[in-house]
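Hi,

Here is the structure I said I would pass on. Have a look at it first, and then read my notes underneath.

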Amino acid sequence: MKMFNVQTGHNEVKMMSSRELIDYARAKYSAFVYETFEEEAVDALSVNDVASAIECLETFDYEVTNASMYQIKYSEGETVVYTEEEAIAEAKTFFSDIYGLNPDDVQTIDDAIEVYENLLHEVIKL
């Protein structure tokens, strides 16, 4: 599943699936048309794919980026998919709980991957 980060001008970031992104763009467009022209935005349905949703949101100064996802295959056999932020947070926990080191030393996804690989876990970027 492809995920997207949508950052508004208020520094708020929302993670959305493709479907959520399209629905969100349609809602933003409809609200804008209604507030501006006091009529229904019948052409909001023209926002019908990811490209048109991104284009629509960018006209409202929203930044849309791909959300990086990582699959961690733990050495115990469990497999979990994390966002980049979740993967870093989980690695920080390992770093402090297992190694007894400062979790603030894990700042980037590369730092997190190093922690996972040192624990013999496999990391795959999706």
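Below is what I found, going from the sheet to the helices and then to a loop.

Keep in mind that this is a predicted model.

The sheet first. It is open and has three strands in the order 5-4-6, with antiparallel pairing. Strand 5 (79-83) and strand 6 (122-125) are the edge strands, and each of them pairs on one side only. On average, neighbouring strands here are turned by 25° against each other, direction ignored. If you want to check the register, strand 4 (residues 69-73) and strand 5 are joined in the antiparallel sense by five bridges, and Q71 has V81 in strand 5 as its bridge partner.

Two helices go with this sheet. Helix 3 (residues 84-97) packs on the sheet and touches strand 4 and strand 5; the direction of helix 3 makes about 115° with that of strand 5. Helix 4 (residues 109-118) lies across strand 4, strand 5 and strand 6, and runs at about 10° to strand 4.

Now the other helix pair. How do helix 1 and helix 2 pack? Helix 1 (residues 18-37) and helix 2 (residues 50-59) meet at an angle of about 40°, and their axes are 9 Å apart. The two helices are therefore oblique to each other, and their crossing is left-handed. On the helix 1 side the contact is made by S18, L21, I22, Y24, A25, K28 and Y29, while helix 2 brings V50, A53, I54, C56 and L57. Sorted by class, that contact has 10 nonpolar residues, one polar and one charged.

Helix 2 deserves a second look. Its buried residues are S52, A53, I54, C56 and L57. As for their spacing, an α-helix has 3.6 residues a turn, so residues three or four places apart point the same way. What covers the buried residues of helix 2 includes strand 1 (3-7), helix 1 and strand 3 (63-66). After helix 2 comes D61, which has a positive phi, near 65°.

One last spot to click on is D104, in the loop between helix 3 and helix 4. Is D104 buried, exposed or partly exposed? Its relative accessible area is 48%, so D104 counts as partly exposed, given that the exposed class begins over 50%. The C-alpha atoms of D104 and K92 are separated by 7.2 Å, and these two residues are 12 residues apart along the chain.

Cheers

Key. Residues are numbered from 1 along each chain as its sequence is written. This is a predicted model: local features need pLDDT of at least 70, side-chain atom pairs count only at pLDDT 80 or more; totals for chains, interfaces and linings use all residues. Side-chain values use heavy atoms; hydrogens and water are left out. Two strands pair if DSSP finds at least two bridges between them. Helices (H or I, at least four residues) and strands (E, at least two) are DSSP runs, numbered from the N terminus. Axes are lines fitted to C-alpha atoms, for helices over the stretch in contact, and angles run from 0 to 180 degrees between N-to-C directions. Contact means heavy atoms within 4.5 Å. Angles under 35 degrees count as roughly parallel, over 145 as roughly antiparallel, 65 to 115 as roughly perpendicular and the rest as oblique. A crossing is left-handed if the near helix is turned anticlockwise from the far one by less than a right angle, and right-handed if clockwise. Ala, Val, Leu, Ile, Met, Phe, Trp, Tyr, Cys and Pro count as nonpolar, Asp, Glu, Lys and Arg as charged, and the others, Gly among them, as polar. Buried means under 20% relative accessible area, exposed over 50%, partly exposed in between (1.4 Å probe, protein chains only).
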